[in-house]
Amino acid sequence: MSPQPAGLRIDGARIHDIPSLYAELDRVLMPDEDWTLGESLDALDDLLYGGFGVLAGSASACIFWDDSELSRQALGIPLTRSYYAAKLARPNVFAAGPARAALERLERGTGKTYFELVVQVFAGHPEIELVLA
């Protein structure tokens, strides 16, 4: 079994929007890489598979998300609404149907916020424990 990375702490106070989320993930999970993580949930999912950054070669990891409630608020409904609206404004790049459906679920109160989507990506990697603090 490979050693587990130590001291992995996301600082939720640094997260105000989607770019700052990915900047914080880069700071914590990719400090020695000469490139940055793309601002996408798919890129985060790829990172968590452990092929690069501090997770490379690790069988498991525990990541603490300090001040996660601040991040939950920052990445909440208003930001998520804007996220989907931006996708809908670029139908030549993004599929409008899934974005529209996700926005409708969000407006009905049954959809996930961007924060919840990020946590869901982490949950898809049971070898990585995410502790919301």
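Is Glu 69 buried, exposed or partly exposed? Glu 69 is partly exposed, because its relative accessible area is 43% (buried means under 20% relative accessible area, exposed over 50%, and partly exposed in between, with a 1.4 Å probe and protein chains only). This is a predicted model, in which local features need pLDDT of at least 70 and side-chain atom pairs count only at pLDDT 80 or more, while totals for chains, interfaces and linings use all residues. Residues are numbered from 1 along each chain as its sequence is written, and side-chain values use heavy atoms, with hydrogens and water left out. The briefing covers the sheet, the helices, selected residues and the largest pocket.

**Sheet**

- An open sheet of three strands has the order β1-β2-β3, with parallel pairing (strands are DSSP runs of E with at least two residues, helices are runs of H or I with at least four residues, and both are numbered from the N terminus; two strands pair if DSSP finds at least two bridges between them).
- The edge strands of this sheet are β1 and β3, each of which pairs on one side only.
- Neighbouring strands of this sheet are turned against each other by 20° on average, direction ignored (axes are lines fitted to C-alpha atoms, for helices over the stretch in contact, and angles run from 0 to 180 degrees between N-to-C directions).
- Strand β1 (residues 8–11) is joined to strand β2 (residues 61–66) by four bridges, and the two run parallel.
- Strand β2 is in turn joined by five bridges to strand β3 (residues 128–132), again in parallel.
- Ile 63 in β2 stands opposite Leu 8, and Ile 63 also stands opposite Leu 130 in β3.
- Ala 61 stands opposite Ile 128 in β3.
- The covered face of β1 carries Leu 8 and Ile 10, whereas its uncovered face carries Arg 9 and Asp 11.

**Helices on the sheet**

- Helix α1 (residues 18–29) lies across β1 and β2 and runs at about 160° to β1.
- Helix α6 (residues 114–123) packs on the sheet and touches β1, β2 and β3 (contact means heavy atoms within 4.5 Å).
- The direction of α6 makes about 145° with that of β3.

**Residues of helix α1**

- Ser 20 has its place in helix α1 and counts as buried because its relative accessibility is 16%.
- Apart from neighbours within four places in sequence, Ser 20 is in contact with Arg 14 and Ile 15.
- From C-alpha to C-alpha, Ser 20 and Glu 39 are 9.5 Å apart in space, and they are 19 residues apart in sequence.
- Asp 26 also has its place in helix α1, and its relative accessibility of 12% is why Asp 26 counts as buried.
- Apart from neighbours within four places in sequence, Asp 26 is in contact with Pro 31, Thr 36 and Leu 37.
- Asp 26 and Gly 38 are twelve residues apart in sequence, with a C-alpha to C-alpha distance of 9.5 Å.

**After strand β2**

- Asp 67 lies in the loop between β2 and α3 (68–74).
- The phi angle of Asp 67 is near 50°, a positive value in a residue other than glycine.
- Asp 67 is partly exposed, since its relative accessible area is 39%.
- Glu 69 is found in helix α3.
- The C-alpha atoms of Glu 69 and Ala 133 are separated by 7.9 Å, although these residues are 64 residues apart along the chain.

**Largest pocket**

- The largest pocket has a volume of about 230 Å³ (on a 1 Å grid over the protein atoms alone, a pocket is an open set of points where a 1.4 Å probe fits, with protein on both sides within 12 Å along at least five of seven lines, and lining residues have an atom within 4 Å of a point; grid points are joined across faces, edges and corners, and a volume is the space filled by probe spheres set on the points).
- The lining of the largest pocket includes Glu 39, Ser 40, Tyr 83, Lys 87, Arg 90, Phe 94 and Leu 117.
- The elements that give two or more residues to this lining are α2 (41–48) and α4 (77–88).
- Helix α4 supplies the largest share of the lining, four residues.
- By class, the lining has six nonpolar, one polar and four charged residues (Ala, Val, Leu, Ile, Met, Phe, Trp, Tyr, Cys and Pro count as nonpolar, Asp, Glu, Lys and Arg as charged, and the others, Gly among them, as polar).
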